[in-house]
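Q: Please take me through a close look at this protein, starting with one chain and moving on to what it touches. I am a first-year student, and plain words would help.

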Amino acid sequence: MTGRETTPPVVEITDLRIEAKANDEWSKIVNGVSLVIHPGEVLGLVGESGAGKSTIGLAALGYLRPGARVTGGTVRLLGQDLMTIPEDERRPFRGTRVAYVAQSAQAAFNPVHRLMDQIVMVAVERGGMTRDEAEGRAVDLFRALQLPEPEIFGLRFPHQVSGGQLQRAMVAMAMICNPALIVFDEPTTALDVTTQVEVLISIRKVIENFGVAAIYITHDLAVVAQIAHRVAVLRYGEVVEEAPIGRIMDRPEHPYTKSLWAVHEMPVTHAVDHEAKGAPLLSLSGVSARYRDFEVLTGIDLTVGRGETVALVGESGSGKSTLGRLIVGLKEPAGGQLVYDGKPLPPRVRRRSAETLKQIQIIYQSADTALNPRQTVRKIIGRPLSLYHGLRGARREARMQELLRLVELDETHAGRMPGQLSGGQKQRVAIARALAAEPRLIVCDEITSALDKVVQADVLRMLLRLQATLGVSYLFITHDIEVVRAIADRVVVMQHGRIVEQGDKDRIFAPPHEPYTEMLLASVPDMAVGWLDRIIAARAA
Amino acid sequence: MDQSLHSRPAAGPGRMTRALRLIRSAPLTAKIGMVVIAIYAFVALFAPLLAPYGEYEVVSRVPFEAWGPEHLLGTDQLGRDFLSRLIYGARNSISIALVTTVISFTIGCLLGVFAALVGGVVDQVISRLVDALMSVPDLIFTLMILSIFGSSVVNLILIIAVLTSTRFFRISRAAALNVASLDFVEAAKARGEGLLWIAVNEVFPNILPLILSELGMRFCFIFLNIAALSFLGVGLQPPTAEWGSMVRDNAALINMGDITPLIPAAAIAFLAIAVNFVVDWLLNRASGLSDEG
């Protein structure tokens with residue numbers, strides 16, 4: 001570490017101020033941030049959504065989102081001030097000297113071109129390499145990133161590889177010109193835990209092998225602990241604390257940092273009290289489902305008791321969401337029996353009575369797509385009130401406000417459009433819409449995975465409180481083991497459309513595990529420095 | 001910033017204020033377009049007050065009279081006042097085009113959203129029917145139908161409306177397909193909502209900007225279509241004043257170096273350009289191509 005302080009930094013951000021225009025007003029999103037990154041160093045940028053993490057990451061590339069402007073400060077990349085030179089002179093830097101790895105590789109790759117063509121493009125056009133040299137280097141990178149069949153991997157199209165592989169392909173694209181700095185913008189957030197480990201290991205390996213400096217943006221502290229040398233904690237566009245990783249993990253100083261750390265333990269108190277109250281509310285036996293010839297669910301046996309929370313765990317593609325859709329009647333089962341409240345449950349929405357529809361509600365992962373962007377909160381929550389309960393006018397309005405308060409919003413939110421709400425608020429509106437029906441069973445499909453940790457804990461606490469007062473049952477679909485630990489009564493583990501293991505939470509989380517459950521549990525990053533090192537060491541052994 | 005904006009309750013500025021602010025933020029071309037459209041609308045609405053003579057009134061014994069103080073734009077082939085007919089023509093041409101546009105818009109969009117939501121065989125049947133309709137050249141099809149059923153205003157409106165609705169169908173179906181796959185539509189289905197409710201409340205507001213732009217453009221085409229048909233003699237029948245037929249009836253004047261018959265043509269062109277200015281702006285806003293607003 002000692003030699004580094006004397007070498008010139010790769011990036012030096014001094015007192016950077018950036019404003020963005022929203023609703024015709026300029027608001028500060030980065031407010032006097034100074035950061036220095038030395039060669040070979042990885043800086044973790046941590047904070048809630050909206051803290052300005054991505055804006056700073058992009059500013060290090062000399063890039064501003066449309067509608068944003070710099071009002072002060074400098075960004076020096078390898079001694080060159082990026083903010084004062086014209087865009088034409090900035091562009092040659094990108095891809096060659098600095099590179100960017102985005103959150104969603106699916107969205108970042110062009111689906112109609114082969115991976116290799118996209119990966120070598122910058123190297124050939126700006127990096128001064130010939131096509132053959134660039135391809136050779138790409139294959140080396142594929143190998144270093146542990147991609148399967150590195151020689152022919154580049155011939156595939158983006159949709160022919162998995163999400164984790166695509167994310168690694170994007171790391172290869174970023175590394176192709178051997179840049180001095182890479183900005184990783186939440187590269188593993190969209191991946192499930194088992195894939196995340198693979199990508200993290202690959203990223204760690206290339207960073208170390210090639211000695212590149214990096215900014216690693218994330219809201220997951222456990223992840224940053226594995227990758228970064230130093231961490232800067234951001235809040236409202238300001239750095240509240242910056243320290244080497246070991247110190248900030250052990251002895252956070254700023255109160256905000258401490259609160260972030262505390263949230264990670266998910267301080268949700270949940271009294272496990274699920275003495276089977278009579279017959280189960282919902283029970284599935286031998287249920288299967290298929291998309292054309294592909295069987296997505298096989299022989300599912302599952303019960304949800306009254307007032308109980310059942311967590312459905314598994315990686316993406318394991319059929320969890322299909323099972324949720326099947327229960328609310330959006331997907332027809334190919335076989336098996338669904339029994340709700342002692343009576344057979346018709347397979348399609350159309351055949352179900354209004355009373356049944358009312359009692360089983362679903363909440364989606366992404367409130368962005370689950371709320372109609374052109375309806376006000378009042379209309380979104382009010383609709384089930386008039387549909388199921390026939391409420392009109394003042395009584396509907398009163399009930400709607402009651403629901404808003406129930407989900408910890410207030411009547412000032414009623415007139416807003418979803419676009420004017422934060423991610424957490426949107427999810428609360430979606431929850432209020434489900435509650436408006438006065439359901440007895442709510443299928444929660446990954447409802448907290450798009451939220452950051454602080455908001456996530458709030459929403460989970462609220463759900464448990466509602467359960468205690470209203471007595472609803474939850475079928476909680478998730479891939480986040482921490483969430484399961486916090487709220488579940490019983491756990492169902494799914495893989496490839498089958499149930500691998502199910503039982504009470506304590507039993508599932510206590511050894512011995514099924515092999516798949518074991519892997520799932522082992523993949524959840526610990527909040528401790530060196531967790532990834534141990535995994536890598538364990539694999540090497 | 002307007003003072004009244006701040007004194008309003010938390011519900012946000014009212015519709016009128018927002019609309020005014022929106023118009024103020026429009027680019028110059030869109031503003032010009034809006035002013036021109038407003039003038040046309042004014043002329044069409046108050047035609048009887050503005051026109052110096054009646055629509056069919058023969059005011060001069062001299063056909064093709066030159067411009068003069070009595071008849072500002074001269075007279076036509078039967079000695080009727082050209083300016084008056086131009087003013088009444090605005091009323092006839094625009095109102096017929098408007099009615100036709102509204103009918104075709106309603107048919108096309110409802111069917112399009114319906115097809116997108118239902119999918120499967122229903123979608124296939126409707127879409128192939130529309131394809132079949134679109135495969136026949138519009139003008140030939142219109143001429144054929146009009147010669148079979150006779151060229152009345154109602155026939156004219158219906159046939160053009162049906163043909164144009166195929167365009168609305170295609171664009172609204174494509175746009176609705178994107179929206180129909182979103183979670184909020186699925187949530188509405190799971191809630192037990194009817195198809196019509198989903199189409200009108202969930203899907204329609206989300207595709208509105210796109211089809212509004214299409215609406216403006218189609219209005220121009222319908223307008224031109226009617227003018228063209230009138231020019232060919234199968235559109236609006238005399239003595240009704242209509243810009244397209246006015247061009248034809250007075251076309252002989254062009255040979256004598258008189259530009260009068262070109263005035264109705266220019267009137268059509270101006271309106272088409274004005275509508276397109278506004279439409280371009282709406283389209284930019286809807287697709288997010290422009291940074292404004």
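A: Let's begin with chain B, in which 38% of the 293 residues count as buried. Please keep in mind that this is a predicted model. Chain B has 13 helices and zero strands, and reading along its sequence you meet one α element after another. Taken along the principal axes, its C-alpha atoms fill a box of roughly 75 × 60 × 30 Å. Contacts can also be sorted by how far apart the partners sit in the sequence. Among the contacts in chain B with a separation of 6 or more, 67% are between residues 24 or more positions apart.

Now zoom in on one pair of helices in this chain. Helix α5 of chain B spans residues 82–118, and helix α6 of chain B spans residues 120–135. Their axes come within 7 Å and cross at roughly 145°, and the crossing of α5(B) and α6(B) is left-handed. From α5(B), the contact uses L111(B), A115(B) and V118(B). From α6(B) come G120(B), V122(B), D123(B), I126(B) and S127(B). Sorted by character, the residues of this contact between α5(B) and α6(B) are five nonpolar, two polar and one charged.

Next, follow chain B to the place where it meets its partner. The contact takes 16 residues from chain B and 21 residues from chain A. On the chain B side, α9 (183–191) and α10 (195–232) each supply at least two residues. The biggest share on that side comes from α9(B), which gives seven residues. The side of chain B that touches chain A divides into seven nonpolar, three polar and six charged residues.

That brings us to chain A, where you can look for a sheet. Six strands of chain A form an open sheet in the order β6-β7-β8-β3-β9-β10, with mixed pairing. At the edges stand β6 (98–101) and β10 (238–244) of chain A; each has a single partner strand, so one side of each is left without a neighbour in the sheet. From one strand to the next, the twist averages 15°. At one edge, β6(A) pairs with strand β7 (residues 181–185) of chain A in the parallel sense over four bridges. To find this on screen, look for A99(A), whose bridge partner in β7(A) is I182(A).

Helix α7 (residues 163–175) of chain A packs on this sheet, where it touches β6 and β7 of chain A. The direction of α7(A) makes about 170° with that of β6(A). From its first C-alpha to its last, α7(A) reaches 19 Å over 13 residues, close to the 18 Å expected at 1.5 Å a residue. Twelve of these 13 residues are buried, so α7(A) is largely enclosed by the rest of the structure. Among the buried ones are G164(A), L166(A), R168(A), V171(A) and M175(A). What covers them includes β6, α3 (105–108), α4 (115–125), α5 (131–144), β7 and α8 (193–210) of chain A.

One of those covering helices, α8 of chain A, holds L200(A). L200(A) is buried, with 22 other C-beta atoms within 10 Å. Setting aside its neighbours within four places in sequence, L200(A) is in contact with T188(A), V223(A), Q226(A), I227(A) and L532(A). The C-alpha atoms of L200(A) and P187(A) are separated by 8.9 Å, with the two residues 13 apart along the chain.

There is another open sheet to find further along chain A. Its six strands follow the order β16-β17-β18-β13-β19-β20, and the pairing is mixed. Here β16 (360–363) and β20 (498–504) of chain A stand at the edges, each with a single partner strand, so one side of each has no neighbour in the sheet. Neighbouring strands of this sheet are turned by 15° against each other on average, direction ignored. Within it, β17 (residues 441–445) and β18 (residues 473–478) of chain A pair in the parallel sense over five bridges. In that pairing, V443(A) stands opposite L475(A) of β18(A).

For a last stop, try a hairpin. Strands β11 (residues 282–291) and β12 (residues 294–304) of chain A run antiparallel and are joined by seven bridges. In β12(A), L297(A) is the bridge partner of A289(A). Two residues lie between β11(A) and β12(A), and R292(A) in the turn has a positive phi of about 50°.

Key:
Residues numbered from 1 in each chain as written. Chains lettered and ligands numbered in written order. Predicted model: local features only at pLDDT ≥ 70, side-chain atom pairs only at ≥ 80, totals over all residues. Pairing = 2+ DSSP bridges. Axes fitted to C-alpha atoms, helices over the stretch in contact; angles between N-to-C directions. Contact = placed C-beta atoms within 7 Å. Nonpolar A, V, L, I, M, F, W, Y, C, P; charged D, E, K, R; others polar. Left-handed = near helix turned anticlockwise from the far one by under 90°. Expected span 1.5 Å × (residues − 1). Buried ≥ 20, exposed ≤ 12 C-beta atoms within 10 Å, placed from the backbone.
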